[in-house]
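Work through the exercises below with the sequence and the model at hand. Each task is followed by a worked solution.

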Amino acid sequence: MDIKQLNCFVAAAQAGNFTRASEQLHLAQSAFSRHIANLEAELGVQLFVRMGRGVELSHEGVNAYDKARKLLADFAAFHGEISSQKGESDARKISMAAHGGIGPLFLAHVARLMRYSGDQIQFRLSEALSEQI
């Protein structure tokens, strides 16, 4: 299980449709579907009930959704805690970069979660090629 799979799962749960979710994450639908299938296989449960062109969370998916969102929030908090160890002057400034695919949506999600903390945090989000990050 990895962050990409969790982001795909959360995006699909929110969009109710794999096509829309894959577009939001800037992923090919085949890659997106593969992430979901691999996550379901690893967990040994069906997370979605497929209905025509849409999806709904299964019973297991409903339980997993809240846990996945918490894991993503914990990951964002971990990043913030580690970043704050650099010193007080950098504690409120966070720069994050990711390469294509799921990165931009994940970074935006992290930024939203951190903004809800009530702290005055400056974000610099960027997208670049792997070699540039």
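**Exercise 1.** Determine which residues of helix 1 are buried in this predicted model, and describe how the helix begins and ends.

Solution.
1. Apply the cut-off: a residue counts as buried when its relative accessible area is under 20%.
2. In helix 1, this selects Gln5, Leu6, Asn7, Cys8, Phe9, Val10, Ala11, Ala12 and Ala15.
3. Check the geometry. Helix 1 covers residues 3-15, 13 residues in total, and its first and last C-alpha atoms lie 18 Å apart. That is close to the expected 18 Å at 1.5 Å a residue.
4. Look at the start. Asp2 places a side-chain oxygen within 3.1 Å of the backbone nitrogen of Lys4.
5. Look at the end. Gly16 follows helix 1 and has a positive phi, near 70°.

**Exercise 2.** Classify Val62 as buried, partly exposed or exposed, and find its C-alpha separation from Ala13.

Solution.
1. Locate the residue: Val62 belongs to helix 4, which spans residues 59-84.
2. Take its relative accessibility, which is 43%.
3. Compare with the limits: buried is under 20%, exposed is over 50%, and partly exposed is in between. Val62 is therefore partly exposed, because its value is 43%.
4. Turn to Ala13. Along the chain, Val62 and Ala13 are 49 residues apart, while their C-alpha atoms are separated by 8.8 Å.

**Exercise 3.** Describe how strand 1 and strand 2 are paired and what connects them.

Solution.
1. Identify the strands: strand 1 is residues 48-51 and strand 2 is residues 54-57.
2. Establish the direction: the two run antiparallel and are joined by 4 bridges.
3. Pick one bridge: Phe48 is partnered with Leu57 in strand 2.
4. Inspect the connection. The strands form a hairpin with 2 residues between them. Gly52, in the turn, has a positive phi of about 55°.

**Exercise 4.** Summarise the chain as a whole: how many helices and strands does it have, and in what order?

Solution.
1. Count the elements: the protein chain has 5 helices and 4 strands.
2. Put them in sequence order, which gives α-α-α-β-β-α-β-α-β.
3. Add the burial: of the 133 residues, 37% are buried.
4. Add the contacts: among those with a separation of 6 or more, 59% are between residues 24 or more positions apart.
5. Add the surface: the chain exposes about 8,100 Å², with 51% of it supplied by carbon and sulfur atoms.

Conventions. Residues are numbered from 1 along each chain as its sequence is written. This is a predicted model: local features need pLDDT of at least 70, side-chain atom pairs count only at pLDDT 80 or more; totals for chains, interfaces and linings use all residues. Side-chain values use heavy atoms; hydrogens and water are left out. The expected span of a helix is 1.5 Å times one less than its number of residues. Buried means under 20% relative accessible area, exposed over 50%, partly exposed in between (1.4 Å probe, protein chains only). A polar contact is a pair of N or O atoms within 3.5 Å; within protein, one must be able to donate a hydrogen and the other to accept it, and residues adjacent in sequence count only if both atoms are side-chain atoms. Contact means heavy atoms within 4.5 Å. Accessible areas come from the Shrake-Rupley method with a 1.4 Å probe; for residues, only the protein chains shown count as cover. Two strands pair if DSSP finds at least two bridges between them.
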